[in-house]
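User: I am new to this structure and would like a close look at its cysteines and at the aromatic rings around the helices. Could you walk me through that part, step by step?

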Amino acid sequence: MEFFFYALFALLLALCCGLEFSKGQNDRVQTSSAFEAFKNNYLVVYCLMMAGDWLQGPYVYALYQHYGYDQGDIGRLFIAGFGSSMIFGTIVGSLADKHGRRNASIIYCITYILSCFTKHSPQYGVLMVGRVLGGIATSLLFSAFESWLVAEHFKRGYEAQWLSVTFSKAIFLGNGLVAIVAGLIANTLVTDLSLGPVAPFDAAAVLLAIGMAVIMYTWPENYGDASENKGLATQFKTALTAITSDEKIALLGAIQSLFEGSMYTFVFLWTPALSPNNQRIPHGFIFATFMLSSMIGSSLASRLMARQNLRVELYMQIVFSVASVSLLVPILNFVFIEPSPPEGGGITAGGQFQLVGFCLFEVCVGIFWPSIMKMRSQYIPEESRATIMNFFRIPLNIFVCVVLYNVSAFPMTAMFGMCSFFLAIAAILQRKLMAAAVKHATYVSATVDNWETKELKDTSDTVPAI
């Protein structure tokens with residue numbers, strides 16, 4: 001493996017360690033021991049859930065190839081997963097609000113374990129069922145757990161700012177460190193121990209079962225709107241009314257869909273971008289480098305959110321702009337550096353240039369996750385939280401399905417250009433969200449001042465003269 005990969009990884013590792021170990025009082029939020037115990041319990045569960053997800057990721061495509069399916073068959077399986085998340089995700093989100101987020105988290109574990117079991121069969125129909133189950137599980141993973149956390153956090157009377165501590169640490173560990181370790185474990189099971197491409201899915205099922213046990217014995221239940229007279233249709237209507245009547249929620253949903261759609265498209269494009277003519281690249285090592293970059297982003301996010309006078313809506317405008325520029329790198333490479341990469345060999349100079357740009361994008365991803373979680377906790381109403389969060393994923397899943405279906409119909413530079421454009425739009429919408437949030441805060445402040453002035457006047461009018 002080329003020295004470049006080791007040098008880049010070492011540089012990022014030093015930067016990550018420097019950011020974590022150099023935090024001062026201004027970069028940390030002072031909390032209580034009770035909150036720390038609550039946070040650590042959630043982090044244990046979240047890391048187990050994410051480990052179960054990350055163990056499977058590197059070998060899903062490889063397993064389908066192992067069973068002899070071609071690119072078209074595999075593409076349809078992936079589309080089924082995203083389609084399932086789109087169709088069933090909103091329903092399970094509403095059920096989570098009504099019947100309990102703890103129950104929904106347990107259902108996530110059961111559903112994903114069943115999805116893992118289907119990987120033992122080479123039958124296409126069974127694998128398709130597994131993808132559908134996986135799509136449902138993904139919707140629960142990105143809604144039920146966060147909804148439970150936010151509701152439980154405020155039910156216990158913890159300060160709103162303390163949520164940022166849990167969010168940033170969850171992304172740092174669950175989407176960074178755990179991802180790297182899970183990738184290494186999966187590689188060991190398949191390559192070093194020669195247990196076959198199904199082994200990571202079995203390991204994932206074990207971790208999901210452990211996480212489910214922790215949830216069952218340590219998590220209390222909480223709900224959105226559990227009214228008996230409210231069915232799914234009423235819950236959908238309530239969620240849609242919240243989105244359409246509140247500009248901030250609508251903008252937040254559009255921003256999330258634009259960024260995540262670009263992010264998932266990037267996941268499908270980075271390998272052919274770095275290896276356009278069968279260049280030999282260390283996929284696992286590059287994946288670890290991306291996750292390390294994401295850890296740097298989450299570490300930066302924790303510093304930013306610790307500052308009470310700095311609004312998330314403000315710095316995220318810069319983050320989306322930087323992300324947009326970073327995904328222009330493949331186009332710049334094609335125009336100015338390598339319009340015609342050589343055949344075979346190791347990574348080219350243009351590939352190295354792109355990899356640096358992709359690491360910058362992953363830093364933005366690391367900042368995005370805890371920041372979007374923080375904004376969702378502020379703007380999404382509690383009674384429909386999981387439902388609205390899954391509504392946000394509908395345009396995302398449609399977008400990814402369309403991209404997957406047409407990924408070979410457009411040149412790669414056009415795909416990256418599209419993602420860069422969407423991220424630029426997200427930056428513009430983030431600016432509008434900032435303006436709307438400031439306007440709302442000013443209105444609320446003025447209303448409170450007027451109410452206090454009126455109360456004071458009424459009180460003075462009723463006090464008898466002495």
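Analyst: Let's start with a cysteine: Cys 116 is buried, with a relative accessible area of 0%. Please keep in mind that this is a predicted model. Does Cys 116 have a bonding partner, or is it in no disulfide? To count as a disulfide, two cysteine sulfur atoms must lie within 2.5 Å. By that rule, the count for this model is zero disulfides. For Cys 116, the nearest cysteine sulfur belongs to Cys 109 and is 11 Å away, and Cys 116 is in no disulfide. Cys 419 makes a good second example. The closest cysteine sulfur to that of Cys 419 is in Cys 364, at 14 Å, which is too far for a bond. Cys 419 is buried too, because its relative accessible area is 1% and the cut-off for buried is under 20%.

Now for the rings. The structure contains 33 aromatic pairs. One of them is made by Tyr 42 and Trp 148, which are stacked, with 6.5 Å from centre to centre and 10° between the planes. Tyr 42 sits in helix α2 (residues 33-56) and Trp 148 in helix α7 (residues 144-155), so this pair links distant parts of the chain, 106 residues apart. Are these two rings buried or exposed? Tyr 42 has a relative accessible area of 4%, which makes this residue buried, and Trp 148 counts as buried at 1%.

A second pair is arranged in another way. The ring centres of Phe 266 and Phe 361 are 5.0 Å apart and their planes meet at 55°, so the pair is tilted. Phe 266 belongs to helix α11 (residues 247-274) and Phe 361 to helix α15 (residues 349-379), so the pair ties together parts that are 95 residues apart in sequence. Phe 266 is buried, at a relative accessible area of 1%, and Phe 361 counts as buried at 0%.

Let's return to Tyr 42 and Trp 148, since ring pairs link both of them into a cluster. Other members include Phe 35, Phe 38, Tyr 46, Tyr 108, Tyr 112, Phe 145, Tyr 158, Trp 162 and Trp 219.

Rings can also have a charged side chain over them. Arg 131 lies over the face of Phe 78, at 4.7 Å from the ring centre. In a similar way, Lys 169 lies over the face of Phe 172, with 5.5 Å to the ring centre.

Trp 162 from the cluster brings us to helix α8, which covers residues 162-192. How far apart are the end C-alpha atoms of α8? The helix has 31 residues, and at 1.5 Å a residue the expected span is 45 Å; the end C-alpha atoms are 42 Å apart, which agrees. Even so, α8 bends by about 35° at Val 178. After the helix comes Ser 194, whose phi is positive, near 55°.

One last stop is Ser 143, found in the loop between α6 (124-141) and α7. Although this residue is in a loop, Ser 143 is buried, with a relative accessible area of 1%. Leaving out residues up to four places away in sequence, Ser 143 touches Ala 386, Met 389 and Asn 390. By contrast, Asp 70 is 73 residues from Ser 143 along the chain, and their C-alpha atoms are separated by 33 Å.

Notes
Residues are numbered from 1 along each chain as its sequence is written. This is a predicted model: local features need pLDDT of at least 70, side-chain atom pairs count only at pLDDT 80 or more; totals for chains, interfaces and linings use all residues. Side-chain values use heavy atoms; hydrogens and water are left out. Helices (H or I, at least four residues) and strands (E, at least two) are DSSP runs, numbered from the N terminus. The expected span of a helix is 1.5 Å times one less than its number of residues. The bend at a residue is the angle between axes fitted to the seven residues ending there and the seven starting there. Buried means under 20% relative accessible area, exposed over 50%, partly exposed in between (1.4 Å probe, protein chains only). Rings of Phe, Tyr and Trp (its six-membered ring) pair if their centres lie within 6.5 Å; planes under 30 degrees apart count as stacked, over 60 as edge-to-face and the rest as tilted. A charge sits over a ring if NZ of Lys or CZ of Arg is within 6 Å of the ring centre and within 35 degrees of the ring normal. Contact means heavy atoms within 4.5 Å.
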